[in-house]
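Colleague: Before I plan anything at the bench, could you take me through the pockets, cavities, sheets and helix packing of this protein?

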Amino acid sequence: MNHALSRREFLAGLAVAAAPASLPAGLRVFPEVVNVGVLERHGRRLLVDCGEGDLAAQSGAPIDWVLFTHHHRDQWSGARRIHAVSPHTKFAVPAAERRFFAEAEQFWDTADSILDHRYDFRPHLFTGTRSIPVARALAGGEVLEWEGLRIEALATPGHTGGSLSYLTEIGGKRVAFTGDLLYGAPSGLLPDFYSLQKRFPGMRGDYWGFGGAVDDVLASLDCVLAARPDLLVPSHGKVVADPGTAIAGLQQNLRAAMDNFLHLAAWRIYFPGIFPAARAPLLPPLAPAEYPKWIRHIASTTKAIVAGDGSVFLSDCGHPAAISTLDKLLASGEFRSIDGLWITHYHDDHTEQVNVAKRKYGARVHVERHLVDILENPTAYQMPCLFPESIRVERPMDHGESIEWKGFRLTAYYFPGQTLYHDGLLVERDGLRVLFTGDSFANFGIDDYCSQNRCFLGPNMGYEKCFDLLLDIKPDLLIAAHWGPVPISPDYIRRAQDLFAEREKLFARLFPYDNPNFGLDPCWIRAYPYRQRALPGDRVSLEARIFNHSSRPKPASVELRVPEGWAPAGPARATIPPRTEGRLRFETAAPASLSRRRHLLTLAVTFDDIRCGEFAEAIVDILAA
């Protein structure tokens with residue numbers, strides 16, 4: 001069953017309150033960027049989360065406390081607004097996430113250590129930009145007493161590592177405020193899946209952990225259910241009047257989606273023993289293959305296509321050992337020159353030595369056009385495994401374009417498997433067709449194990465585009481960057497296609513959207529460039545880029561929110577065609593005096609008439625004049 005909601009319920013950002021008759025006296029749910037839980041007692045109020053702080057602008061009883069379920073920005077972007085209007089209001093936060101609330105500026109000042117070469121995604125960068133005073137940090141099991149109510153914090157990690165739910169009894173009803181642990185009615189839904197990127201036990205980082213927090217979510221749902229609530233108030237979606245059905249549905253949907261994913265997950269080959277094979281068996285590996293005589297493994301991800309005269313065309317160059325090996329081969333005369341260098345994708349283990357190779361050997365970089373900008377302007381993107389040094393591309397190639405080199409025919413293809421920014425190179429010689437696939441395939445598994453790589457589901461997208469291409473061009477052999485020669489089986493490709501067709505349906509059951517990629521793509525709203533530098537008083541330009549994954553055109557309006565001292569920018573509006581990335585441009589000006597180095601600008605987006613809040617941020621570093 002597809003749970004896609006109506007137009008006004010399309011995004012997880014929608015907050016829909018339950019009908020007043022279904023809520024006990026003394027409880028309101030205020031629909032905003034998130035559902036704000038409002039407890040009212042004795043002429044006073046306590047809030048659970050505050051969204052953009054719209055309640056601060058309304059007259060009403062004093063707000064004594066705001067309790068936050070987790071650190072994501074949509075939960076508390078309006079906290080400073082509330083504090084300005086009501087300085088006596090106290091803020092309580094999850095103890096495990098206190099620093100994101102109390103030390104937000106320090107977090108962002110040191111964020112380069114996360115952004116460059118990024119292999120970890122917890123904490124998610126969807127956090128606040130300005131600190132707030134924290135009156136109390138709550139851990140699971142602690143109780144806050146307020147106006148005769150006993151409010152218990154439940155540790156419910158999953159969506160974030162330190163997420164809390166809050167349980168209280170009011171008007172004869174046991175009510176649990178669950179944050180983003182689940183999406184509200186209809187049952188069985190999540191607000192997103194990319195927040196669940198977390199390393200499985202035994203992994204080196206979160207990068208491989210697609211759905212790694214699913215077990216945390218399942219356990220947290222059990223924890224909430226054990227508290228016997230009558231109502232669940234989630235941050236997004238309708239209030240849940242039947243917690244047992246909603247939780248059972250979500251647990252079933254999560255297990256089904258993860259079982260499908262694990263049938264092809266290549267990380268299970270890299271990290272054997274982490275996951276029991278009996279639950280979701282991998283396809284058996286194909287018989288090993290050997291390199292053609294004209295392809296050499298150099299080091300790590302680097303491979304060499306070697307012409308008869310000793311000229312070389314490289315694929316990828318990410319490890320210093322590749323440079324030292326090439327130096328030796330050139331010095332010995334075995335290699336004569338390094339003519340060209342193909343880059344399969346932007347990840348640092350494929351690119352970190354490319355500029356060294358260009359300087360030392362004069363190699364010209366060739367890529368398919370989808371990769372040009374992320375290589376030349378890497379810090380304009382917020383992507384995993386990012387090597388922040390610009391790499392100039394001398395020879396952009398169109399999808400399907402071929403060149404002749406030293407008796408070889410080289411054809412470029414867009415190949416968005418492991419990441420949206422990935423290509424493939426078909427090399428033909430002596431009747432043999434070899435496709436360099438970068439990191440998209442293993443033997444036999446696929447490398448879509450990181451949501452932040454932006455692996456889309458659907459026809460002519462992501463791996464489904466790659467499967468179609470393989471069946472169309474019919475290579476004899478694949479060359480995987482980390483694996484070397486990998487045999488190809490049309491039967492395996494068709495079986496993978498069937499699994500992906502099922503996967504799209506399974507993930508559609510997990511989200512309230514009309515396309516599951518809204519719940520899988522953390523950058524469907526992004527700022528471009530993500531990072532830039534400016535001098536005091538400089539004009540600063542950036543774009544809001546919004547990928548409409550829907551099959552229908554969608555209206556979007558964006559407000560650029562700037563720190564104090566910056567020039568204001570008016571809102572921008574556009575209608576974004578289906579399955580297209582729209583672009584809305586803004587200009588502002590940095591302050592003339594240098595108050596601090598790092599500034600955060602945010603994009604507050606309304607999409608399809610639904611408020612998403614400050615979904616994306618841009619970083620601007622102000623340099624000393």
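Modeller: One definition first: Ala, Val, Leu, Ile, Met, Phe, Trp, Tyr, Cys and Pro count as nonpolar, Asp, Glu, Lys and Arg as charged, and the others, Gly among them, as polar. With that division, the lining of the largest cavity has 15 nonpolar, 3 polar and 5 charged residues. Please keep in mind throughout that this is a predicted model.

Colleague: Which residues that line the largest cavity are the closest to its centre?

Modeller: The largest cavity has a volume of about 280 Å³, and the count of cavities of 30 Å³ or more comes to 8. Strand 26 and strand 33 each give at least two residues to the lining of the largest cavity. Of the 23 lining residues, the closest to the centre are His124, Gln382, Pro522, Cys523 and Ile525.

Colleague: Turning to the pockets, which element gives the largest share of the lining of the largest pocket?

Modeller: The largest pocket holds about 650 Å³ of space, and of its 28 lining residues the closest to the centre are Arg80, Thr129, Arg130, Pro563 and Leu600. The elements that give two or more residues to this lining are helix 1 (73-76), helix 2 (79-85), helix 4 (104-109) and strand 32 (598-607). The largest share, 4 residues, comes from strand 32.

Colleague: How many residues of each class are in the lining of the largest pocket?

Modeller: The same classes used for the cavity apply here, with Asp, Glu, Lys and Arg counted as charged. By that division, the lining of the largest pocket has 8 nonpolar, 8 polar and 12 charged residues.

Colleague: And which residues are the closest to the centre of the second largest pocket?

Modeller: The second largest pocket has a volume of about 440 Å³, and its lining is made up, by class, of 13 nonpolar, 4 polar and 9 charged residues. Among the elements that each supply at least two of these residues are helix 12 (372-376), helix 13 (462-473) and strand 28 (539-548). Of the 26 residues in the lining, the closest to the centre are His370, Tyr414, Leu420, Tyr421 and Phe547.

Colleague: Strand 32 lines the largest pocket; what stands opposite leucine 600 in strand 33?

Modeller: Strand 32 belongs to an open sheet of 5 strands with mixed pairing, in the order 27-33-32-29-30. The edge strands of that sheet are strand 27 (531-534) and strand 30 (572-576), each of which pairs on one side only, and the twist averages 30° from one strand to the next. Strand 32 and strand 33 (residues 610-622) pair in the antiparallel sense over 10 bridges. Opposite leucine 600 in strand 33 stands isoleucine 619.

Colleague: In the open sheet of 6 strands, what is the bridge partner of alanine 299 in strand 13?

Modeller: The order of that open sheet is 12-13-14-15-16-17, again with mixed pairing. Strand 12 (295-299) and strand 17 (395-397) stand at its edges with a single partner strand each, so one side of each is left without a neighbour in the sheet; the twist averages 25° from one strand to the next. Strand 12 and strand 13 (residues 302-306) pair in the antiparallel sense over 4 bridges. The bridge partner of alanine 299 in strand 13 is threonine 302.

Colleague: Are helix 13 and helix 14 roughly parallel or roughly antiparallel to each other?

Modeller: The axes of helix 13 and helix 14 (residues 490-508) come within 10 Å and cross at roughly 155°, in a left-handed crossing. Angles over 145 degrees count as roughly antiparallel. Helix 13 and helix 14 are therefore roughly antiparallel.

Colleague: How are helix 7 and helix 14 arranged, and which way does their crossing turn?

Modeller: Helix 7 (residues 243-262) packs against helix 14 at an angle of about 155°, and their axes are 9 Å apart. Helix 7 and helix 14 are therefore roughly antiparallel to each other. Their crossing is left-handed.

Colleague: What is the relation of helix 6 to helix 7?

Modeller: Helix 6 (residues 214-226) and helix 7 have axes 10 Å apart and pack at an angle of about 165°. Helix 6 passes helix 7 in a left-handed crossing. With the angle of about 165°, helix 6 is therefore, in relation to helix 7, roughly antiparallel.

Note on methods: Residues numbered from 1 in each chain as written. Predicted model: local features only at pLDDT ≥ 70, side-chain atom pairs only at ≥ 80, totals over all residues. Heavy atoms only, no water. 1 Å grid on protein atoms, 1.4 Å probe; cavity = no way out; pocket = protein on both sides within 12 Å on 5 of 7 lines; lining within 4 Å. Points joined across faces, edges and corners; volume = space filled by probe spheres on them. Pairing = 2+ DSSP bridges. Axes fitted to C-alpha atoms, helices over the stretch in contact; angles between N-to-C directions. Parallel < 35°, antiparallel > 145°, perpendicular 65-115°, else oblique. Left-handed = near helix turned anticlockwise from the far one by under 90°.
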